[in-house]
Amino acid sequence: MKIDVLIEHGTVIDPSTGHSGKYDVAITGDRIVGILEPGTVGGDIQRRVNAEGCLVTPGLIDIHAHIFEAVPQMGVKPDNFGVDQGVTTIADAGSSGEQNFHDFVERSVKQNATEVLAWLNISSPGLVEGRSELADLNRLVVESTLARIAEYPETIIGIKARMSGSVVKGSGISPLAVAKSVARRAELPVMVHIGNAPPKLQDVLDLMEEGDVLTHAFHGKPGGILDEHGQLIPQAQRALDRGVRFDVGHGSASFSFATMNRARELGITPYSISTDLYLVNWLNGPVYSLTTTMTKFLALGYSIDQIIEWTTAAPARILRKSDDIGTLKVGTIADISILKIVDQPVELIDSENEKLSYNKLIQAQYTMKSGELYTCK
Ligand SMILES: [Zn+2]
């Protein structure tokens, strides 16, 4: 067998196939061609990558980040959050809408090594003209949005609706009703951002269906999934029972250690871990990267296997691409992350400025995207 790259001596964690332990990973062209017992690969090996002391996982997937440079003070080049940081696929979360989606494709999808997908904002300008994009219902243009979805079926994986007070102003729950009607016609999920009311979270949750994603699910603001006594609100339990998926979406203001800890006591876990990375919370924190966000879950006491599931196989299911990405299955595209858990003191900070001291940090070493190897920054 001719092998272009052999990633050897690493510890493979792939929740999609159940691999957890020492394996060598063989790549030919842009495909994974073998997950093999260490030292058993023979034949013509072009290049060896030494992953001693590292985790070898499916390429990490971030389903909520902002990578459209037309959005002032927010968008960055996708590779900054992508292959530079161990992430092979990013779904932009509503930076663009139907009116500027061509521009998004030209700038953010085509020019990068990282695979870029998009939740299309239900508001025509997306975030390009400001952050109150759902205040004027005239900006929700159903037929043009459906036309854009039909035009880019490979890239648009869902609809984004940001349902918090500063975004919707007087529009109430209406933008989500429009987003859901478009999504149903297009047979796509909706990603709903939550924050401060109005609208009330109860009303938001009642409109969400199986496969829809609640991002910022574990924020620390009033009116979240927990009531004032720390109990899960019934609408959230019913949403979970229906198959609504709770995503982290850390961001500058949307992830609380206290909320996460209380949710855990109640038996509620994230479905997926995403960052809500954009320019400011990348450079100045508290988010920095997907691996930093993963480190926070390690510090909160979750297992590395669980964390890898939430950043590979689970987001791949949300994107409905489980057959292609989020897996090291033989024959799939060679999207692979090589990560190291480094022993060093760190102070981790959530969006409420709560601090958590820890002694380990997950760092991305190398990213392989479609068989090409990138050194992380
Ligand atoms: Zn966001």
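Guide: Two strands pair if DSSP finds at least two bridges between them. Keep that in mind as we go round this model, which is predicted.

Visitor: Okay, start with β4 and β5: which turn residue of their hairpin has a positive phi?
Guide: β4 and β5 (residues 31-36) are paired antiparallel, with five bridges between them. Their hairpin leaves two residues between the strands. The turn residue with a positive phi, at about 60°, is Gly 29.

Visitor: And across that hairpin, what is the bridge partner of Ile 27 in β5?
Guide: Ile 27 belongs to β4, and on the β1 side it faces Val 5. On the β5 side, its bridge partner is Ile 32.

Visitor: Is strand β4 largely enclosed or largely open?
Guide: β4 has a neighbour on either side: it pairs antiparallel with β1 (residues 2-8) through three bridges, and with β5 through five. Buried means under 20% relative accessible area. Four of the five residues of β4 (residues 24-28) are buried, so the rest of the structure leaves this strand largely enclosed.

Visitor: Which strands stand at the edges of that sheet?
Guide: The sheet is open and has four strands, in the order β5-β4-β1-β6, with mixed pairing. Each edge strand has a single partner, so one of its sides has no neighbour in the sheet; the two are β5 and β6 (44-50).

Visitor: By how many degrees are neighbouring strands of this sheet turned against each other on average?
Guide: The order to follow is β5-β4-β1-β6. Ignoring direction, the average turn between neighbours is 25°.

Visitor: Which residue of β6 does Ile 3 stand opposite?
Guide: β1 and β6 run parallel, joined by six bridges. Within this pairing, the β6 residue facing Ile 3 is Ile 45.

Visitor: On to the other sheet: how many strands does it have, and is the pairing parallel or antiparallel?
Guide: This is also an open sheet, with the order β8-β9-β10-β11-β12-β13-β14. At its edges, pairing on one side only, are β8 (60-65) and β14 (245-246). That makes seven strands, and the pairing is parallel.

Visitor: Which helix lies across β9, β10 and β11?
Guide: Two helices are worth a look here. α3 (residues 142-151) lies across β10 and β11, at about 145° to β11. The helix that lies across β9 (87-97), β10 (115-121) and β11, at about 160° to β10, is α2.

Visitor: Which β12 residue stands opposite Ile 159?
Guide: β11 (residues 156-163) and β12 (residues 190-194) are parallel partners with five bridges. Opposite Ile 159 you'll find Val 190.

Visitor: How far apart in space are Ala 186 and Ile 159?
Guide: Ala 186 is in helix α5 (residues 174-186), and at 22% relative accessible area it is partly exposed. Beyond its sequence neighbours, Ala 186 is in contact with Leu 146 and Ile 149. Ala 186 and Ile 159 are 27 residues apart in sequence, and their C-alpha to C-alpha distance is 9.5 Å.

Visitor: Which residue does UniProt list as N6-carboxylysine?
Guide: The annotation comes from an unreviewed UniProt entry. The residue in question is in strand β11 and, at 1% relative accessibility, counts as buried. It is Lys 160.

Visitor: Which residue's backbone oxygen lies 3.3 Å from a polar atom of the Lys 160 side chain?
Guide: Leaving out neighbours within four places in sequence, Lys 160 has contacts including His 64, Trp 119, Met 191 and His 193. The backbone oxygen at 3.3 Å belongs to Ala 93.

Visitor: Which residues are the protein donors of the zinc ion?
Guide: Their spacing in sequence is H-x1-H-x209-D. The donors lie 2.0 to 2.3 Å from the zinc ion, and they are His 64 (NE2), His 66 (NE2) and Asp 276 (OD).

Visitor: How many residues apart are His 66 and Asp 276?
Guide: His 66 counts as buried at 2% relative accessibility, and so does Asp 276 at 7%. His 66 is in the loop between β8 and α1 (78-81), and Asp 276 is in the loop between α8 (257-265) and α9 (279-283). The pair links distant parts of the chain, and the separation in residues is 210.

Visitor: Last stop: is Asp 84 buried or exposed?
Guide: Asp 84 is in the loop between α1 and β9. Leaving aside neighbours within four places, its contacts are Asp 79, Cys 376 and Lys 377. With 13% relative accessibility, Asp 84 counts as buried.

Note on methods
Residues are numbered from 1 along each chain as its sequence is written. This is a predicted model: local features need pLDDT of at least 70, side-chain atom pairs count only at pLDDT 80 or more; totals for chains, interfaces and linings use all residues. Side-chain values use heavy atoms; hydrogens and water are left out. Buried means under 20% relative accessible area, exposed over 50%, partly exposed in between (1.4 Å probe, protein chains only). Contact means heavy atoms within 4.5 Å. Axes are lines fitted to C-alpha atoms, for helices over the stretch in contact, and angles run from 0 to 180 degrees between N-to-C directions. UniProt positions are given in the numbering used here, feature names are shortened, and annotations may be inferred rather than shown by experiment. A polar contact is a pair of N or O atoms within 3.5 Å; within protein, one must be able to donate a hydrogen and the other to accept it, and residues adjacent in sequence count only if both atoms are side-chain atoms. Donors are N, O and S atoms within 2.8 Å of the metal (3.2 Å for Na, K and Ca); water is not among the atoms, so sites may look incomplete.
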